[in-house]
Every structure is written in structure tokens, then in C-alpha cells.
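Visitor: I am new to reading protein structures, and I would love a close look at one single part. Could you pick a spot, tell me about it, and then connect it to the rest of the chain?

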Amino acid sequence: MHIGMFQAEEFGDLQRLVDGLFTGRETIDRLDLIVQAEILDLAPDLLEIVNLVPPGTYNRTRLCDQINSALAAHGWGATYGTVE
């Protein structure tokens, strides 16, 4: 691990959120994302990332792009993990 890199205890929580949302579904909407994130009681930083996703309907690739963009903008990809 590089100096200054920190992997949070919540590392991978966003990936688990995405995996759960797309089990048996091709698309989700932002409300599904927000509600599931709150049900899972995600950490405040992760809820902030989820809330940055614009309203709309998402397939898995598009949602992952949005989440990863928000993580990159905050510099949190290494801390919380990116999603695919």
C-alpha cells in the first residue's frame, strides 16, 4: 500500500450495493439506489456518493460509470473501491 492510501472498513460496500440492485434486474432508477443505500445503512461518505447520481434510469454500466466518476472526483476510489 502506498503512503497516503487508506482502505476504509467500508471498502467494497458500494460494489455489494450494485450487485444487490442488479440481481434479476436489467435497470434500476435513482430512487431504488437511494432507498437501498439507506436500508443498508451505508457510511455517510458513501451516501454522499450515491446522492450525487443524477435522477434517471440506469443499466449497470451507466450506474457504475456515474458512481466511479463521483468516487474519482472525491479521490475516494482507493479508499472505498470502485464498482463494476
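Guide: Let's look at Asp 41, which has a relative accessible area of 66% and therefore counts as exposed, since the cut-off for that word is over 50%. Please keep in mind that this is a predicted model. Asp 41 belongs to the loop that links helix H2, residues 30-39, with helix H3, residues 44-51. Its backbone also has a feature to look for: phi is near 55°, a positive value, and the residue is not a glycine.

Now step back to see where that loop fits. The chain holds 5 helices and 2 strands. Reading from the N terminus, you meet them in the order α-β-α-α-β-α-α. The loop with Asp 41 lies between helices H2 and H3, so try finding those two in the picture before moving on.

From here, turn to Asp 13, in helix H1. Leaving out residues up to four places away in sequence, Asp 13 touches Leu 42 and Leu 46. Asp 13 has a relative accessibility of 21%, and because buried means under 20%, it counts as partly exposed. Asp 13 and Ile 28 are 15 residues apart along the chain, and their C-alpha atoms are separated by 18 Å.

Helix H1, which covers residues 13-21, also contains Gln 15. Here the relative accessibility is 18%, so Gln 15 counts as buried. A polar atom of the Gln 15 side chain lies 2.9 Å from the backbone nitrogen of Glu 84. Beyond residues up to four places away in sequence, Gln 15 touches Arg 60, Thr 82, Val 83 and Glu 84.

Next, visit Thr 79 in helix H5, which spans residues 77-80. With a relative accessibility of 14%, Thr 79 counts as buried. One polar atom of its side chain lies 3.2 Å from the backbone oxygen of Phe 6. Setting aside neighbours within four places in sequence, Thr 79 is in contact with Phe 6, Gln 7, Ala 8 and Phe 11.

A strand gives us another stop. Thr 57 is in strand E2, made of residues 57-59. Thr 57 and Thr 27 are 30 residues apart in sequence, while their C-alpha atoms are 6.6 Å apart in space. Thr 57 also touches Thr 27, and its other contacts are Ile 28, Asp 29 and Arg 62, again without counting residues up to four places away.

These stops can be set beside the numbers for the whole chain. Among contacts between residues at least 6 apart in sequence, 63% join residues at least 24 apart. The C-alpha atoms fill a box of roughly 40 × 20 × 20 Å along the principal axes. For 84 residues, a compact globule would have a radius of gyration near 12 Å, and the chain agrees because its value is 12 Å.

Finally, return to the surface, where our tour began. Of the 84 residues, 35% count as buried. The chain exposes about 5100 Å², with carbon and sulfur atoms supplying 52% of that area. As for charge, there are 5 positive and 13 negative charges, and their mean positions are 7 Å apart. With that picture in mind, go back to Asp 41 and its place in the loop between helix H2 and helix H3.

Key
Residues are numbered from 1 along each chain as its sequence is written. This is a predicted model: local features need pLDDT of at least 70, side-chain atom pairs count only at pLDDT 80 or more; totals for chains, interfaces and linings use all residues. Side-chain values use heavy atoms; hydrogens and water are left out. Helices (H or I, at least four residues) and strands (E, at least two) are DSSP runs, numbered from the N terminus. The radius of gyration is taken over C-alpha atoms; the globule rule is 2.2 Å times the number of residues to the power 0.38. Buried means under 20% relative accessible area, exposed over 50%, partly exposed in between (1.4 Å probe, protein chains only). Contact means heavy atoms within 4.5 Å. Accessible areas come from the Shrake-Rupley method with a 1.4 Å probe; for residues, only the protein chains shown count as cover. Lys and Arg count as positive and Asp and Glu as negative; His and the chain ends are not counted. The place of a charge is taken as NZ of Lys, CZ of Arg, CG of Asp or CD of Glu. A polar contact is a pair of N or O atoms within 3.5 Å; within protein, one must be able to donate a hydrogen and the other to accept it, and residues adjacent in sequence count only if both atoms are side-chain atoms.
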